[in-house]
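Q: Please give a close look at a single loop residue in this model, and then place it among the helices and loops of the rest of the chain. A connected account would be preferred to a list.

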Amino acid sequence: MCGIIGYVGKKAAAPILLEGLRRLEYRGYDSAGVAVLTDRVLEVRKKKGKIDDGLAKLLATKPVVGSVGLGHTRWATHGAPSDENSHPHLDASGQIAVVHNGVIENYDRLRERLLKAGHTFKSDTDTEVLAHLIGAHYAKLKAQNGDVHPLTQAVCAALREVIGTYGIGVVHREHSEVLVCARRGSPLIIGVGDGENFLASDANAIVAHTRSVVYLNDYDVATLTPDRFEVTNLGADTASVQVSQIEFGAEAAERGEFAHFMLKEIFEQPRTVENAVRGRIDHEEATAKFGGLNMSLAELRAVDHIVITACGTSWHAALVGEYLFEELAQIPVEVEYASEFRYRNAPLEKHTLVLAITQSGETADTLAGLREARRRGHTALAICNVVGSTIAREADGGIYLHAGPEIGVASTKAFTSQVAALALLAVLMGRIRNLSAQRGAQILKALEAAPKQIEQLLAQNDAIKRIALRYAQAEDFFFLGRQYNFPVALEGALKLKEISYIHAEGYPAAEMKHGPIALIDAKVPSVVIVPRDGMYDKVMSNLEVVRARNGPVIALATEGDTQIAKVADEVIYVPATLEPLFPLLAVVPLQLLAYHIAVARGCDVDKPRNLAKSVTVE
């Protein structure tokens, strides 16, 4: 949630900040602003609305000049979207500017104290309270120490009073070549340049300028100048600093020829699924292999229970994983919403493996769940897309997806990569138990075939668009599937809700008769996932129940199924694959269906209302 960009160097800061904010806008787009320093002058520009509609126009008419600055794009937490609540916020003196991602939980008490001390506030945000608190400590330290540079000390002193989460950037009018930043629970990275340094919420914002980065840890406080950076830690005598390399280039974060990032990322899935599988198949042993699990085969064999924790789309992938592990490895699995798991005192048996699934590696609830599992002595692995993210660094081991940056707020390629990784892990866990080599080889062969099959599905884009246009004005949708395809129904409904604002629900197909069927009529389409598998006849029966109530039916069926066209209004054919891997293919046309419906309704696909890409606050 929210995006932060900072620059300190010799170049003009404003264009770098504006470009970085555009690359970060998927993290929040309620408002945006910049603060730029030059010759002891601090200029702030901020505006409600999306960057190109607000801040960019404001900077065109009222430009700012300077080579040090901060930028912020906001997803509102405290205070409604408005010019006044936009970041950066100033302290009482007007000399300190602060940008902030996170939530200061005790801001109300701090605000009361500052009000009694004579402070006045212009916004409803917790961030302005933090800015005033830093300013108060700065004034006190400067009075005590004279010419000794107190900005970093003031930030540290303020943060020791703060309860909550933060990723912050701070500049001061009197320190024209200094930028201070700190994190706790909200990601920040330092970009290391030549005679310049950068600050960002994630690598997308700075990859065009440098691929050398330092991932800050919780309680790290860093001071950046053009020629150096220093990192300290509020809770330790020293800080661990390691310069890493971003694994993707600037072009990967560009939209290219596509109208939206979401469409680009849907079409990237043949490559991203291939990347998730590449180098991880052992054909000779009919099993999978991973380099980063950090668990021996004996330790994996000792696992007798798996808990998977995740949020949103990753939770739907986890549900597919539940079916995979239970069928292929005969291991009981529980799938937990991370937001619930972190607060439950659920009993975990001794040999329970906890698996956290996350695209960003920064999801607050998933991170908290992983930490809780490790605190209780359980091995916690991660399936994660972002190298260097907090969850990737704190997990005992895990699997990187190698899907590249996912910028569309509605996750697409991460889901298919997660399902592919889960299938591989399930094969590995099965082969060290009772999964036959023949069955293992079948699954692996089908996984290798999936990228080309996804290409076949993408070739139906125009046909899916025509179906979408027929139903774009519907206000309610049902998505129905059974067994492996129930999570796909949930994911299809989520995609439609996220980007088109149509009310949509995913259900096990048989559950329609237990209440929801009351809502079926000629205006409510149902998307029914009905592959030629062991549940085919059952799902066809459920489909007929919908048809009997005049409900339009869009069917996802296996290629070669001649019966389905007789009972469905629309049919999207999916290449034949093994039952456990049908979700890997079936989700793709549902992504396209949601995309084209949203475009037809005039929705901003990449920036759906009220949403942000990475949920780093509760």
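**A loop residue and its setting**

A: In this predicted model, His119 lies in the loop between α3 (107–116) and α4. Its relative accessibility is 14%, and a residue counts as buried under 20%, so His119 is classed as buried. Apart from neighbours within four places in sequence, the contacts of His119 are Ala92, Leu114, His132 and Ala136. The C-alpha atom of His119 is separated by 54 Å from that of Leu422, a residue 303 places away along the chain.

The helix that follows this loop is α4, residues 126–145, which packs against helix α5, residues 151–159. The axes of α4 and α5 are 8 Å apart and meet at an angle of about 125°. That angle lies between the roughly perpendicular range, 65 to 115 degrees, and the roughly antiparallel range, over 145, and α4 and α5 are therefore oblique to each other. The crossing of α4 and α5 is right-handed. On the α4 side, the residues that meet α5 are Leu130, Leu133, Ile134, His137, Tyr138 and Leu141. Their partners in α5 are Leu151, Gln153, Ala154, Val155, Ala157, Ala158 and Leu159. A general point helps in reading such lists: with 3.6 residues a turn in an α-helix, residues three or four places apart point the same way.

A cis peptide bond links His87 to Pro88, with omega near 5°. Pro88 is placed in the loop between β4 (68–74) and β5 (89–90).

The account now turns to other helices of the chain. Helix α7 covers residues 269–277, and 7 of its 9 residues are buried, so α7 is largely enclosed by the rest of the structure. Those buried residues are Gln269, Pro270, Thr272, Val273, Asn275, Ala276 and Val277. The cover over them includes α6 (261–267), β15 (281–282), α13 (413–431), α14 and α18 (582–600). Just after α7, Gly279 has a positive phi of about 75°.

Two of the elements that cover α7, α13 and α14, can be described further. Within α13 is Gln418, which counts as buried because its relative accessibility is 0%. Beyond residues up to four places away in sequence, Gln418 touches Thr313, Ser314, Ala317, Ile357, Thr358, Gln359, Ile383 and Leu401.

Helix α14 runs from residue 437 to residue 458 and has 22 residues. From its first C-alpha to its last, α14 reaches 32 Å, close to the 32 Å expected at 1.5 Å a residue. There is nevertheless a bend of about 40° in α14 at Ala450, with a proline, Pro451, following within four residues. Ala450 and Pro451 are both among the buried residues of α14. The others are Gly440, Ile443, Leu444, Ala446, Leu447, Gln453, Ile454, Leu457 and Leu458.

Helix α18, which also belongs to the cover of α7, packs against helix α15, residues 461–471, at an angle of about 50° and with the two axes 8 Å apart. This angle makes α15 oblique to α18. The crossing of α15 and α18 is right-handed. In α15, Asn461, Ile464, Lys465, Ile467, Ala468 and Leu469 take part in the pairing. In α18, the residues they meet are Pro589, Leu592, Leu593, His596, Ile597 and Ala600.

Several other loop residues may be set beside His119. Gln473 is in the loop between α15 and β22 (476–481), and its relative accessibility of 60% means that Gln473 counts as exposed. The C-alpha atoms of Gln473 and Gly3 are separated by 34 Å, while their positions lie 470 residues apart along the chain. Asp39, in the loop between β2 (31–38) and β3 (41–48), has a positive phi of about 45° although it is not a glycine. Asp39 counts as exposed because its relative accessibility is 71%. Asn550 is likewise not a glycine, and its phi is positive, near 65°. The loop that holds Asn550 runs between α17 (536–548) and β25 (553–558), and at 59% relative accessibility Asn550 counts as exposed. His119, by contrast, counts as buried at 14%.

Key: Residues numbered from 1 in each chain as written. Predicted model: local features only at pLDDT ≥ 70, side-chain atom pairs only at ≥ 80, totals over all residues. Heavy atoms only, no water. Expected span 1.5 Å × (residues − 1). Bend = angle between axes of the 7 residues up to and from the residue. Buried < 20%, exposed > 50% of the residue type's maximum accessible area, 1.4 Å probe, protein only. Contact = heavy atoms within 4.5 Å. Axes fitted to C-alpha atoms, helices over the stretch in contact; angles between N-to-C directions. Parallel < 35°, antiparallel > 145°, perpendicular 65-115°, else oblique. Left-handed = near helix turned anticlockwise from the far one by under 90°.
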